[in-house]
Amino acid sequence: MEIRQLYEAGVSISELARRFGYDRKTIRNALNSSAEEKQGERASRGERKKGSKLEP
């Protein structure tokens, strides 16, 4: 949540990585995952949400 707020305020991904002590890719994934949660969908890279084998 805080990462997204700072990013929207104009802080770069590299700066966020330095501040939080994570890799830039991890920050980018966190930003993308929170965007997907808002939309309720996955990224449009041909990925599908796989259901459980136990579901009918």
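This is a short talk on the helices, salt bridges and nonpolar core of a small set of elements in one predicted protein model.

Some ground rules. The model is predicted, so local features need pLDDT of at least 70, side-chain atom pairs count only at pLDDT 80 or more, and totals for chains, interfaces and linings use all residues. Residues are numbered from 1 along each chain as its sequence is written, and side-chain values use heavy atoms, with hydrogens and water left out.

Confidence comes next. pLDDT is the predictor's confidence in each residue, from 0 to 100. The protein averages 79, and 59% of the residues score at least 70. Among the helices, α2 has the highest confidence, at a mean of 94. Helix α3, residues 24-39, has the lowest, at 80.

Now the layout. There are three helices and zero strands. Helices here are DSSP runs of H or I with at least four residues, strands are runs of E with at least two, and both are numbered from the N terminus. The order from the N terminus is α-α-α.

On to the surface. Accessible areas come from the Shrake-Rupley method with a 1.4 Å probe, and for residues only the protein chains shown count as cover. The total for the protein is about 5,100 Å². Carbon and sulfur atoms hold 46% of that. Buried means under 20% relative accessible area, exposed means over 50%, and partly exposed is in between, with a 1.4 Å probe and protein chains only. Of the 56 residues, 14% count as buried.

Next, the charged pairs. How many salt bridges does a search of the whole structure find? It finds three. The criterion is a side-chain nitrogen of Lys or Arg within 4 Å of a carboxyl oxygen of Asp or Glu.

Take α1, residues 2-8, to begin with. R4 and E8 pair up there, at 3.5 Å from N to O. They sit four residues apart, about one turn of the helix. A general point on spacing: an α-helix has 3.6 residues a turn, so residues three or four places apart point the same way. R4 is buried, at 16% relative accessible area. E8 is exposed, at 54%.

Move to α2, residues 13-20. R18 and E15 bridge at 2.6 Å, N to O. They are three residues apart, again about one helical turn. E15 also bridges to R19, at 3.2 Å. That pair is four residues apart in α2. Shared partners join E15, R18 and R19 into one network. How exposed are its members? R18 is exposed, at 60% relative accessibility. R19 is partly exposed, at 48%. E15 is partly exposed as well, at 26%.

Stay on α2. Which of its residues are buried? They are I13, L16 and A17. Down the helix axis they fall within an arc of 100°, so they line one face of the helix. That arc is taken over the directions from the helix axis to the C-beta atoms. After α2 comes G21, with a positive phi near 75°.

Now the core. A nonpolar core is a set of buried Ala, Val, Leu, Ile, Met, Phe, Trp, Tyr and Cys residues joined through side-chain atoms within 4.5 Å. The largest one has seven residues: I3, V11, I13, L16, A17, I27 and L31. α2 and α3 each supply at least two of them. The largest share, three residues, comes from α2.

Two core residues deserve a closer look. Contact means heavy atoms within 4.5 Å. Leaving aside neighbours within four places in sequence, V11 is in contact with L6, L16 and R19. R19 also belongs to the salt-bridge network.

The other is I27, in helix α3. Is I27 buried or exposed? I27 is buried, at 1% relative accessibility. Beyond its neighbours within four places in sequence, I27 is in contact with I3, I13, L16, A17 and Y22. I13, L16 and A17 in that list are the buried residues of α2. L16 and I27 are eleven residues apart along the chain, and their C-alpha atoms are separated by 7.2 Å.

One last number, on contact range. Take contacts between residues at least 6 apart in sequence: 27% of them join residues at least 24 apart.
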